[in-house]
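Reader: Walk me through this one, please, and keep it relaxed. I'll throw in questions as we go.

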Amino acid sequence: MNTSNLLQLTLLIPVLALVGIQLTARWENVREAISLIAASTLFFTVTQLYQPMLDGQVIAAYWLDVLPGLALSFRVEPLGLMFALVASFLWIITTLYAIGYMRGHGEKNQARFFSLFAVSIGAVMGIAFAENLFTLFIFYEVLTLCTYPLVTHAGTDKARAGGRVYLGILLGTSVGFFLLAIIATWLLAGTLSFTEGGVFSPGTSLTLLSVLLVLFVFGVGKAAIMPFHRWLPAAMVAPTPVSALLHAVAVVKAGVFVLLKICLLIFGIDTLKTIPATEWLLYLAGVSILLASIIALRQQNLKKRLAYSTVSQLGYITLGALLATSAGMTGSALHIVMHAFGKITLFFCAGAILVAAHKTEVHQLRGLGRQMPVTMTAFLVASLCIIGIPPTGGTWSKWYLMLGTFEAQQWILMGLLMISSLLSIAYLLPIPLRAFFSRGDQDVVVTGGSDAAATSTIKEAPVPSLIALGITAAGCIYLLLFPDAFYQLIKAGI
């Protein structure tokens, strides 16, 4: 099969998975097997594009012309392939995790969940391989709409309220800002195709480019830059596999990937450096990083703490892209990968704790490491990855981001990154450390009339969930030792 057909297959596999899941909705084992087979097939297909793309082969697919010069078309480029590799691999792992979670927690509408998850991954593939802003926008909106029912999966008033915030902010920013920026780009540059070095001519007004950059940064609401971040904590009413989808596999990663791609292939590094708005947007990203870290530190609900941690970490990626340096762009792209593995592990652990121990608050986790050692060890490893210290891959992305601030001589931003890293130590590390080294309610001995003692019967989560979080935690360590596959893609794309 030629590479163009392989590219089209990456867009077709999630659709076939959707059909298969719907046809076998009543038979959960068959339905879940189809999900796993589709996810594995997609990942294998994406890997087959890796070497041809690095060898310089042009891999493209054309669907149709909507208007003259405005096509629905796709092309494989290094950063898109990096994103597709991460998303397709984590689809396998999240599906495995969801099987244990959805059954263990007795969730309803499981067929609908797996169906919409497949549609979401299909939208991500469209975003990753979009040849132009028009194609990207179509799939960006599909991703918003197909994840809304996942956010409101529980069907409660709280879930519906969270869903309204989710849909309101994401649709509002994309229609009010993102679409306007795309139209303005078309009028100014005469093209929406992603182009090495950017699409704007040297004589384009810097004032207009400043306005465009602001519209893009705020318009890509999935990147959760403050003040358009509230949808992310609001969406934590969703089941934990959906939270994993939002934070690691699809939604927020789609947001920061789109921003990175726009900075690199619509504006270009050289143009980005000259735009007046770049400077204050950099500081906005820095403030977002710091404020979200402080808010995370004050959250007692575990998923909300992780949600605000994500807002902070997305700020790192946005900041790296706006630094407009090679090191900053490299750190930004690497952090998409490293944060994906670290944060999905943390949410897997949060879900495992809910299913096995029915605990949701940080103070309830003291001493839990004795009953759930695998889960809490994975939580510790993932925390180190988010913080950015060995033995995890987060070390590399944080190093390049710091190097980017050095290259740009942004000393205040370098200080903000250091402070935020210290805050992430404060809001993440105490959780596993107290789980292993403190006594909790589950350690209290209950004495009956015969002085016989009984202790808590909390055990680990279902085996599929444990396997999934074990794989992603191991991935955090693997990426420290073997980051080259992603690094080669990033260097080819920057």
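Author: A word on labels before we start: helices (H or I, at least four residues) and strands (E, at least two) are DSSP runs, numbered from the N terminus. Also, keep in mind that this is a predicted model.

Reader: Good. Let's start with a loop, then: where does Gln409 lie, between which helices?

Author: Take the helices on either side. Helix H18 covers residues 411-428, and Gln409 is in the loop that joins it to H17. Helix H17 itself spans 394-407. The place asked for is the loop between H17 and H18.

Reader: Is Gln409 buried or exposed?

Author: The cut-off for exposed is over 50% relative accessible area. Gln409 has a relative accessible area of 57%, so this residue counts as exposed.

Reader: And what is its backbone doing, I mean, what is phi of Gln409?

Author: Gln409 isn't a glycine, yet its phi is positive. The value is near 55°.

Reader: There's a His358 to look at too. Which loop holds His358?

Author: His358 is another non-glycine residue with a positive phi, near 60°. Its relative accessibility is 61%, and because exposed means over 50%, His358 counts as exposed. As for its place, His358 sits in the loop between H15 and H16.

Reader: I always check omega. Which kind of peptide bond joins Pro390 and Pro391?

Author: Pro391 is in the loop between helix H16 (373-387) and helix H17 (394-407). Omega for the bond from Pro390 to Pro391 is about 10°, and the bond is cis.

Reader: What about Met226 to Pro227: what is omega there?

Author: Pro227 is in the loop between helix H8 (206-219) and H9. The bond from Met226 to Pro227 is cis, with omega near 10°.

Reader: On to the strands. In what sense do E1 and E2 pair, and over how many bridges?

Author: Strand E1 takes in residues 60-67, and strand E2 takes in residues 70-75. One of the links is Ala61, whose bridge partner in E2 is Phe74. Two residues separate the strands in this hairpin, where Gly69 has a positive phi near 85°. The pairing is antiparallel, over six bridges.

Reader: How many residues of E2 are buried?

Author: Buried means under 20% relative accessible area. E2 is mostly covered, and of its six residues the buried ones number five.

Reader: Now the core. Which helix gives the largest share of the largest nonpolar core?

Author: In soluble globular proteins, nonpolar side chains tend to be buried together. Here the largest nonpolar core has 186 residues, and Leu81, Met125, Ile127, Phe129, Phe178 and Phe267 touch the most other members. The largest share of this core is 21 residues, and they come from helix H15 (residues 326-357).

Reader: Which residues does Leu81 touch?

Author: Set aside the residues up to four places away in sequence. What remains for Leu81 is Val46, Leu49, Tyr50, Met53, Val76, Phe129 and Leu489.

Reader: I'm curious about Gln313. Which side chain makes a polar contact with the side chain of Gln313?

Author: Gln313 lies in helix H14 (residues 302-322). At 0% relative accessibility, Gln313 falls under the 20% cut-off and therefore counts as buried. Beyond its neighbours within four places in sequence, its contacts include His339, Ile386, Lys398 and Tyr427. The polar contact, at 2.8 Å, is with the side chain of His335.

Reader: Any docking person wants the pocket. Which element gives the most to the lining of the largest pocket?

Author: The largest pocket holds about 480 Å³ of space. Its lining has 23 residues, and those nearest the centre are Lys158, Met236, Val237, Asn301 and Lys303. Helix H7 (157-189), helix H9 (231-234), H14 and H15 each give two or more residues to that lining. With three residues, the one that gives the most is H14.

Reader: And closed space: what volume does the largest cavity have?

Author: The structure has one cavity of 30 Å³ or more. Among the residues lining the largest cavity are Ile21, Ser35, Trp91 and Phe113. H5 gives the most to this lining, with four residues. The volume comes to about 40 Å³.

Definitions and conventions:
Residues are numbered from 1 along each chain as its sequence is written. This is a predicted model: local features need pLDDT of at least 70, side-chain atom pairs count only at pLDDT 80 or more; totals for chains, interfaces and linings use all residues. Side-chain values use heavy atoms; hydrogens and water are left out. A nonpolar core is a set of buried Ala, Val, Leu, Ile, Met, Phe, Trp, Tyr and Cys residues joined through side-chain atoms within 4.5 Å. Buried means under 20% relative accessible area, exposed over 50%, partly exposed in between (1.4 Å probe, protein chains only). Contact means heavy atoms within 4.5 Å. A polar contact is a pair of N or O atoms within 3.5 Å; within protein, one must be able to donate a hydrogen and the other to accept it, and residues adjacent in sequence count only if both atoms are side-chain atoms. Two strands pair if DSSP finds at least two bridges between them. On a 1 Å grid over the protein atoms alone, a cavity is a set of points where a 1.4 Å probe fits but cannot get out, and a pocket is an open set with protein on both sides within 12 Å along at least five of seven lines; lining residues have an atom within 4 Å of a point. Grid points are joined across faces, edges and corners, and a volume is the space filled by probe spheres set on the points.
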